[in-house]
Amino acid sequence: PNTIVVILRNLSINGASTGFDGIRFTSGKQLFVENCNIFGFRGNGTNSDGIEINLNGVGLTFAAHVKDTKIENNTGDAIRQGINNGTLNCSYDGLRLAGSNRGLEATGGTANISHSIVDNNTTSGLAASGGAVINANDNVVTSNATGISSATGSTVRISLNAVHRNTT
């Protein structure tokens, strides 16, 4: 599992309102998702995520890269990333994260998000907790319940973002 590289390109992944998670990455070294549409995951309530990254590897380093992808209309988060042990570095570029519970929820690791639209999510657009770090550059974060949030012990750095029309 420590050497596996997963590459997903040009896919449409439809949860048909009953699926639990579009992509669930729990083991492997790297994940690449490029030019995909992930939508309609509603089968497990607020735990039905478009992409869930949840790794555990003491002393190991993991990476996830998601580019030019739309993740929409899920009852869970568009992207939920976390790690129990080890290091997780994620890059997100050119995404549309919309109509889900949260656009991006980082509960661990580092998330670098750029050139993306985070729109119309019921809880928050970008959320960091559990010591996670989010670096957000050149995004539009709009029409979410909360635009950007960070729990104690976590960090969110923002630059050149348009953050508007959020309730909070």
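**Note on the predicted model: sheets, core and buried polar residues**

1. At 2% relative accessibility, Cys 90 counts as buried, because the cut-off for buried is under 20% relative accessible area. The model is a predicted one, and this value is computed from it.

2. Disulfides next. The structure holds zero of them. Cys 90 is in no disulfide, and the nearest cysteine sulfur, that of Cys 36, is 16 Å away. A disulfide would need the two sulfur atoms within 2.5 Å. Cys 36 is likewise in no disulfide. Cys 36 is buried, with a relative accessible area of 2%.

3. Cys 36 leads to Thr 69. The side chain of Thr 69 reaches the backbone nitrogen of Cys 36 at 3.2 Å. That side chain also reaches the backbone oxygen of Lys 67, at 2.9 Å. Thr 69 sits in the loop between β7 (61-67) and β8. Is Thr 69 buried or exposed? It is buried: the relative accessible area of Thr 69 is 1%.

4. The surroundings of Thr 69 are worth checking on screen. Leaving out residues up to four places away in sequence, Thr 69 touches Val 33, Glu 34, Asn 35, Cys 36, Ile 38, Gly 94, Leu 95 and Arg 96. Take Val 33. Thr 69 and Val 33 are 36 residues apart in sequence, yet their C-alpha atoms are 7.6 Å apart in space.

5. Asn 144 is another buried loop residue. It lies between β17 (140-142) and β18 (146-150). Its relative accessibility is 2%, so Asn 144 counts as buried. Which backbone atoms does the side chain of Asn 144 reach? One is the nitrogen of Asn 121, at 2.9 Å. Another is the oxygen of Thr 142, at 3.1 Å.

6. Contacts of Asn 144, not counting residues up to four places away in sequence, are with Val 118, Asp 119, Asn 120, Asn 121, Ser 124, Gly 125, Arg 165, Asn 166 and Thr 167.

7. Now the sheets. Strands of a sheet pair through backbone hydrogen bonds, either parallel or antiparallel. Seven strands form an open sheet with parallel pairing, in the order β2-β5-β8-β11-β14-β17-β20. At its edges are β2 (12-14) and β20 (162-164), each pairing on one side only. Neighbouring strands of this sheet are turned by 5 degrees against each other on average, direction ignored.

8. One pair within the seven-stranded sheet: β5 (residues 37-39) runs parallel to β8 (residues 70-72), joined by three bridges. Which residue in β8 is the bridge partner of Phe 39? Glu 72 is.

9. An open sheet of six strands follows the order β3-β6-β9-β12-β15-β18, also with parallel pairing. Here β3 (23-25) and β18 stand at the edges; each has a single partner strand, so one side of each is left without a neighbour in the sheet. The twist averages 5 degrees from one strand to the next.

10. Within the six-stranded sheet, β12 (residues 102-106) and β15 (residues 124-128) pair in the parallel sense over four bridges. Leu 104 has Leu 126 as its bridge partner in β15.

11. Leu 104 also belongs to the core. The largest nonpolar core has 34 residues, and those touching the most other members are Ile 51, Ile 53, Tyr 92, Leu 97, Leu 104, Ile 113 and Ile 134. In soluble globular proteins, nonpolar side chains tend to be buried together.

12. Last, Ile 134. Beyond its neighbours within four places in sequence, Ile 134 is in contact with Leu 104, Ala 106, Ala 111, Ile 113, Leu 126, Ala 127, Ala 128, Thr 155, Val 156 and Arg 157.

How values were computed: Residues are numbered from 1 along each chain as its sequence is written. This is a predicted model: local features need pLDDT of at least 70, side-chain atom pairs count only at pLDDT 80 or more; totals for chains, interfaces and linings use all residues. Side-chain values use heavy atoms; hydrogens and water are left out. Two strands pair if DSSP finds at least two bridges between them. Helices (H or I, at least four residues) and strands (E, at least two) are DSSP runs, numbered from the N terminus. Axes are lines fitted to C-alpha atoms, for helices over the stretch in contact, and angles run from 0 to 180 degrees between N-to-C directions. A nonpolar core is a set of buried Ala, Val, Leu, Ile, Met, Phe, Trp, Tyr and Cys residues joined through side-chain atoms within 4.5 Å. Buried means under 20% relative accessible area, exposed over 50%, partly exposed in between (1.4 Å probe, protein chains only). Contact means heavy atoms within 4.5 Å. A polar contact is a pair of N or O atoms within 3.5 Å; within protein, one must be able to donate a hydrogen and the other to accept it, and residues adjacent in sequence count only if both atoms are side-chain atoms.
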